[in-house]
Amino acid sequence: MHRRRFLALSAGVLAAPAVARFAHAETYPSRPIKMIVGFPAGNAPDVMARLIGQWLTEKLGQQVVIENRPGAASNIAMDALVNAAPDGYTIGMTVLTNVFNQSLYSNLRFNFLTDVAHVGGIADAPYLMMVNPKVPAKNVAEFVAYAKANPGKLNFASGGNGASSHIFGELFKMLAGVDLVHVPYRSNYMPDMISGQVQVTFSPIPQGITYHRSGELRTLGISTTKRLPSLPDIPTIAETVRGYEALGWYGLGAPKATPPDIVKALNAALNAGLTDPKLKERIASLGVQPMPTTPEEFTRFVLREHEKWSKVIKDAGIKLS
């Protein structure tokens, strides 16, 4: 009798965690969820976060509250995310900048690759290679020829040292074999592009498309490996510069120890939105493309991105601290 009772109690103890996990999954979420964004309100990641946050609110039945924590190239927000309680009630918008920062900064208190549960991809964001119309190049091949004939005489503008527009330009320089002078900006560089003080930039589509349509800037190529259906007349940079691909992206993350069932629940709700016709159309209107993944696929994607861009950053000799 004692032995049977011991075995019964042991079985109950072993089953308890499973029951608790099941109950947790069944009741999640039972209160509002906070989504941390490392950029100011109105910035592209913030716009995407609010769009996805509204979908998750409707799908999960609990309010998703956006909390902007800009500063230090989004490192402040990422530090807050990795140190939050891993209970599914704090999530965060992740972007390519977080991958860059892992190589650009030597004093981070966290490791973006391993201290974040990578819930899933949201969208990838192609960039446009744009020049001032005074540059005598109508396509990428002509630009490369002109740049090689005039080494160090063309300035390329970016949103700052270590920004995507900077790193994407460095990759172009390496693969095309051209010498361009980097000019980092802390504010909007488009007025200087239009006036011709700087001659070339790699711009996210939402920022550059207006100038493309108005003709104030000339678009030479797009950073994807295939032409976009929405912009079929713009050739890819890779059609001329072999191997060139440079995409920004948005994803969803949570603290590392967040229970797998909660990560899966968030991923399922996210992917339901990325395949919903209305939300897909809204995302496409922002110049980006839905990127649904499983948590495992997105984790592997993040690791590949780090492998690729850490080499570019190292070869370009870029270091911020």
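**Exercise 1. The neighbours of strand 5**

Task: Determine in what sense strand 5 pairs with strand 7, and over how many bridges.

Solution. In this predicted model, strand 5 and strand 7 run parallel to each other and pair over two bridges. One position that illustrates this pairing is Ala 157, which stands opposite Thr 201 in strand 7.

The next step turns to strand 6. Strand 5 pairs with strand 6 in the parallel sense as well, over five bridges. Here Ala 157 stands opposite Val 183 in strand 6. Ala 157 therefore has Val 183 of strand 6 opposite it and Thr 201 of strand 7 opposite it, while strand 5 is largely enclosed by the rest of the structure, because four of its five residues are buried.

The last step concerns the connection. Strand 5, helix 6 and strand 6 together make a β-α-β unit, and this unit is right-handed.

**Exercise 2. The surroundings of His 182**

Task: State where His 182 is found, whether His 182 is buried or exposed, and which side chains are joined to it by polar contacts.

Solution. His 182 is found in strand 6, which spans residues 180-184. Its relative accessible area is 19%. Buried means under 20%, so His 182 is classed as buried.

Two polar contacts are then identified. The side chains of His 182 and Ser 158 are joined by a polar contact of 2.6 Å, and the side chains of His 182 and His 166 by a polar contact of 3.4 Å. Leaving aside residues up to four places away in sequence, His 182 touches Phe 156, Ser 158, Gly 160, Asn 161, His 166 and Glu 170.

**Exercise 3. A salt bridge within helix 6**

Task: Identify the salt-bridge partner of Lys 173 and explain how the two residues are placed along helix 6.

Solution. The partner is Glu 170; the closest N and O atoms of the pair are 3.4 Å apart. Both residues belong to helix 6 (residues 164-176), and because they are three residues apart, about one helical turn separates them.

Their exposure is considered next. Lys 173 has a relative accessibility of 17% and counts as buried. Glu 170 is also buried, with a relative accessible area of 9%. Glu 170 is, in addition, one of the residues that His 182 touches.

**Exercise 4. A salt bridge within helix 11**

Task: Find the residue with which Asp 315 forms a salt bridge, and describe the exposure of Asp 315 and of Lys 311.

Solution. Asp 315 forms a salt bridge with Lys 311, and their closest N and O atoms lie 2.9 Å apart. The two residues are four residues apart in helix 11 (residues 295-316), about one turn of the helix. Asp 315 is partly exposed at 47% relative accessibility. Lys 311 has a relative accessibility of 52%; since exposed means over 50%, Lys 311 counts as exposed.

**Exercise 5. A salt bridge between two strands**

Task: Explain why the salt bridge of Lys 34 and Glu 67 ties together parts that are apart in sequence.

Solution. The structure holds eight salt bridges. In one of them, the side chains of Lys 34 and Glu 67 meet at 3.8 Å, N to O. Lys 34 lies in strand 1 (residues 33-37) and Glu 67 in strand 2 (residues 64-68), so the pair links parts that are 33 residues apart in sequence.

Both partners are partly exposed: Lys 34 has a relative accessibility of 27%, and Glu 67 has one of 24%. Finally, Lys 34 and Glu 67 are linked with Arg 69 in a network of salt bridges.

**Exercise 6. The nonpolar cores**

Task: Name the residues that touch the most other members of the largest nonpolar core.

Solution. This core has 46 residues, and Phe 143 and Phe 172 touch the most other members. Several elements each supply at least two residues, including helix 5 (140-149), strand 5 (154-158), helix 6 and strand 7 (200-204). Helix 11 gives the most, with six residues.

The contacts of Phe 143 may then be examined. Not counting residues up to four places away in sequence, Phe 143 touches several residues, among them Met 129, Leu 154, Phe 172, Leu 180 and Val 200. There is also a second, separate core of 36 residues, which includes Val 119, Ala 254, Leu 279 and Leu 286.

How values were computed:
Residues numbered from 1 in each chain as written. Predicted model: local features only at pLDDT ≥ 70, side-chain atom pairs only at ≥ 80, totals over all residues. Heavy atoms only, no water. Salt bridge = Lys/Arg side-chain N within 4 Å of Asp/Glu carboxyl O. Buried < 20%, exposed > 50% of the residue type's maximum accessible area, 1.4 Å probe, protein only. Core = buried A, V, L, I, M, F, W, Y, C linked by side-chain atoms within 4.5 Å. Contact = heavy atoms within 4.5 Å. Polar contact = N/O pair within 3.5 Å; in protein donor to acceptor, adjacent residues only side chain to side chain. Pairing = 2+ DSSP bridges. Right-handed = clockwise from strand over helix to strand, strands pointing away.
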